[in-house]
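Work through the exercises below with the sequence and the 3D view at hand. Each task is followed by a solution in steps.

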Amino acid sequence: MKFLSEYRDAAIARPLIEHIKRTATRSWTMMEVCGGQTHTIVRQGLDELLEGVVEMIHGPGCPVCVTPLEQIDKALILAARPDVIFASFGDMLRVPGSSCDLQQIRAQGGTVRIVYSPLDALELARRHTDREVVFFAVGFETTAPANAMAVWRARQLGVRNFSVLVSHVTVPPAIAAIMAAPDNRVQAFLAAGHVCSVMGWTEYEPIAARYHVPIVVTGFEPIDILEGILMAVRQLETGRAEVENQYVRSVRREGTPAARLRVEDVFELVDRKWRGIGEIPMSGFRLRPEFAEYDAERKFGLDDIHVDEPADCHAGEVLTGRLKPPQCPAFGTRCTPDHPLGAPMISSEGACAAYYHLARYRGVQPTATAGLAS
Amino acid sequence: MTTASSLTLACPAPFAVLDRVQLGHGSGGKMSAALVRERFLPHLENRALAQLGDGSVVNVGGVDVVVSTDTFVVSPLEFPGGDIGSLAVHGTLNDLAMMGARPVCLTAGFVLEEGLPLSLLDRIVQSMAEAAQRAQVPIVAGDTKVVERGKADGLYINTTGIGAADAQFRPQPHLAREGDAVIVSGAIGRHGMAIMAAREGLAFETTITSDSACLISLVDDLRNAEIEVHVLRDPTRGGVASALNEIAAASAVGIEIDESALLVPSDVRAACEVLGLDPLYVANEGVLLAFVAPAHIESALTTLRAHPLGRNAVQIGRVLADHPGAVALRTWLGGTRIVDLLPGDQLPRIC
């Protein structure tokens, strides 16, 4: 298949793996930021193929993992209302809130629709004028332009029964927060290619300089990721700390100005909570005041709901690479893929779920490593 | 099951006890298995049901009879490559075929929704009749019920199949053994993606057609060629991944499959990429998995490939003594990943 098969070619991938092994004189620890990259790494077994050379830490770039409990709870409240059609990307349906998840709300009678685009949610609103349609606007800078577009378009069309529950976060503040943590182990980053295809990479240049950390803008196919790793290893081996672009077929330094403009039209920067990590200053978006009528929190009076995540939650330490999943006291006992407690156990490529399956495959009962809980 | 109250102190996201049926209970994954295990078997337990196969073998006056039943709730009712009528015939006949039975007859029960166009009903019943005729299996009993508008999705069909068991050829899910070859009879993922693409709300066009087909004659060819087949399975809902997991668990063996050997049509792969789905978990309705003794691999492939439905038959893996109960996939690059049962429905990914 054009644009896919050429990036999944073993004749290119195998020499790249050898090249990485030859280039690395020691073992390096790097973080792929985006959940899509984690997906490729786990599904293709790239981490296993590079064992002992590069340790990949699965970063916080997955909306399923970092959308805070508070916003999930608000989603559950909205989806349970009989006058609301709640529209969401598919994999948010399994994310547990304080009491249940969206699938259970649907079983209890709530109307929850999976959509592939926020514009489909807007279309739902135009078809169901007797209902309120709320779209769960989650994600990073990648989904922000389309989500912004839906709101912008709703205003343009005068659609009144459409609103968005915003839980948008941005990548650069999270990278800076990880680097600033005293026990940080990350030595290089693979930045998220699609985020940069919107935003470009100028925001990453001060971070690379300040923390002296290589950042390679990387795509999502196996060969993209191997190339990104090789570029990062080369930087580490030669003591460089620059922003480089592996994903040249999609990303330019300035990103996509039209998309950025639409995001800036509709959203403004704000402090945001990250599930398991806590609040990071100026790390997310909210609707600008002129679009307030499309803000579901305001429309349905949810502004005052605040849910604190328990202080002994370990998901944040897993997401920032400070704790390996088996070191969590709940791993494999109270927390399993069937009954996930934290987000990294939810999706099959979540760090905890990946460890869980691997342990079972190797004939080990997946349980917490005694005495390692922090 | 963990209770919510025991979690509040220690977990970031207490997970409530399930107290209602969810769509995921119908997915063919872990939730479906738990529903059967926890809600049905405790009340209905008996020796025939305990086999937990595609159907049961019951002894009727000294003759082994195979019984299987299936209910069809597909939307849309007509889709590229088939409709609910032919699907309801193929599905149940295939379940009989997977047990090595020779189908004798079918019954059909209909739940019709008020307002269903009679012309549509005509087309569906005619399609059923044609499918039954092609398979030379008569539909010998039927029932209809009508429910108010809004209480059913147009039309539901239940079919039950009766077949004669074959004492010489009786593959079963628990009979896989170390060394068996895992063979798939054709390209995977077509039915599920044809349905998804045809479903309202997906704004892309594809050329994908369902693979819905009756597999009786394909199984007959294996039988007549005297292939030593230990397990036969049609990987319907939950796809190849779920079927292999069930077999690995039932036989207490490990299964390893080779990603490069799997045939996924390019249109199916493209649709899966766009929607963030894994073709291994997508439903098939005209493909079978056969676990074949090592000495019979070549003859099994030759036999299958001589049949129009088995032209693309290929060995995709083998049975191991290692990691009993688990299915491992060797990626095209030589890495390994575990292919587990999904908890519920496969959900499209954001990123």
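A residue is buried if 20 or more other C-beta atoms lie within 10 Å of its own, exposed if 12 or fewer, and partly exposed in between. The model is a predicted one.

**Exercise 1. Describe the overall build of chain A.**

Step 1. Apply the definition of burial: of the 374 residues of chain A, 56% count as buried.

Step 2. List the secondary structure: chain A holds 16 helices and eleven strands.

Step 3. Compare the radius of gyration with the globule rule. Chain A has a radius of gyration of 21 Å, close to the 21 Å that the rule gives for 374 residues, so chain A is as compact as a globular protein of that length.

Step 4. Read the extent along the principal axes: the C-alpha trace of chain A spans about 65 × 45 × 40 Å.

Step 5. Look at contacts between residues at least 6 apart in the sequence of chain A: 78% of them join residues at least 24 apart.

**Exercise 2. State how confident the prediction is for chain A, and find a stretch with low confidence.**

Step 1. The average pLDDT of chain A is 89, and 93% of the residues score at least 70.

Step 2. In residues 369-374 of chain A the pLDDT is below 50. Beyond near neighbours in sequence, this stretch has eight contacts in the model.

**Exercise 3. Locate the two domains of chain A and describe where they touch.**

Step 1. The domain assignment divides chain A into domain 1 (1-313) and domain 2 (323-361).

Step 2. The C-alpha centres of domain 1 and domain 2 of chain A are 21 Å apart.

Step 3. In the contact, 14 residues come from domain 1 of chain A and ten residues from domain 2 of chain A.

Step 4. On the side of domain 1 of chain A that touches domain 2 of chain A, α2 (35-44) and α4 (63-66) of chain A each supply at least two residues. The largest share of this side, four residues, is that of α2(A).

Step 5. Sorted by class, this side of domain 1 of chain A has six nonpolar, four polar and four charged residues.

**Exercise 4. Is Cys335(A) buried or exposed? Say also where it sits.**

Step 1. Cys335(A) lies in the loop between α15 (315-319) and α16 (351-361) of chain A.

Step 2. Count its neighbours: Cys335(A) has 30 C-beta neighbours inside 10 Å, so it counts as buried.

Step 3. Take one distance from this position: the C-alpha atoms of Cys335(A) and Tyr356(A), 21 residues apart along the chain, are separated by 9.9 Å.

**Exercise 5. Give the same kind of description for chain B.**

Step 1. Chain B has nine helices and 14 strands.

Step 2. For 351 residues, a compact globule would have a radius of gyration near 20 Å; the value for chain B is 20 Å, which agrees.

Step 3. Along the principal axes, the C-alpha atoms of chain B fill a box of roughly 60 × 55 × 45 Å.

Step 4. Of the 351 residues of chain B, 48% count as buried.

Step 5. Of the contacts in chain B between residues at least 6 apart in sequence, 83% join residues at least 24 apart.

**Exercise 6. Describe how the two domains of chain B meet.**

Step 1. Chain B is assigned domain 1 (57-164) and domain 2 (173-338).

Step 2. Between the C-alpha centres of domain 1 and domain 2 of chain B the distance is 24 Å.

Step 3. Domain 1 of chain B has 20 residues in contact with 21 residues of domain 2 of chain B.

Step 4. On the domain 1 side of this contact in chain B, the elements that give two or more residues are α3 (84-98) and α4 (118-135) of chain B. α3(B) gives the most, with eight residues.

Step 5. By class, this side of domain 1 of chain B has eleven nonpolar, eight polar and one charged residues.

**Exercise 7. Trace strand pairings in chain B, beginning with β8(B).**

Step 1. β8 (residues 181-184) and β11 (residues 289-292) of chain B are antiparallel and share four bridges. In this pair, Ala181(B) has Val292(B) as its bridge partner.

Step 2. β8(B) is also joined by four bridges to β12 (residues 314-320) of chain B, again antiparallel. Here Val184(B) stands opposite Val314(B).

Step 3. Move from β12(B) to β10(B): four bridges join these antiparallel strands, and Gly254(B) stands opposite Leu320(B).

Step 4. β10(B) pairs in the parallel sense with β13 (residues 327-330) of chain B over four bridges. Ile257(B) has Leu329(B) as its bridge partner in β13(B).

Step 5. Check the burial of β10 (residues 254-258) of chain B: four of its five residues are buried, and the strand is mostly covered.

Methods. Residues numbered from 1 in each chain as written. Chains lettered and ligands numbered in written order. Predicted model: local features only at pLDDT ≥ 70, side-chain atom pairs only at ≥ 80, totals over all residues. Domains from an automatic or database assignment. Contact = placed C-beta atoms within 7 Å. Nonpolar A, V, L, I, M, F, W, Y, C, P; charged D, E, K, R; others polar. Rg over C-alpha atoms; globule rule 2.2 N^0.38 Å. Pairing = 2+ DSSP bridges. pLDDT = per-residue confidence, 0-100.
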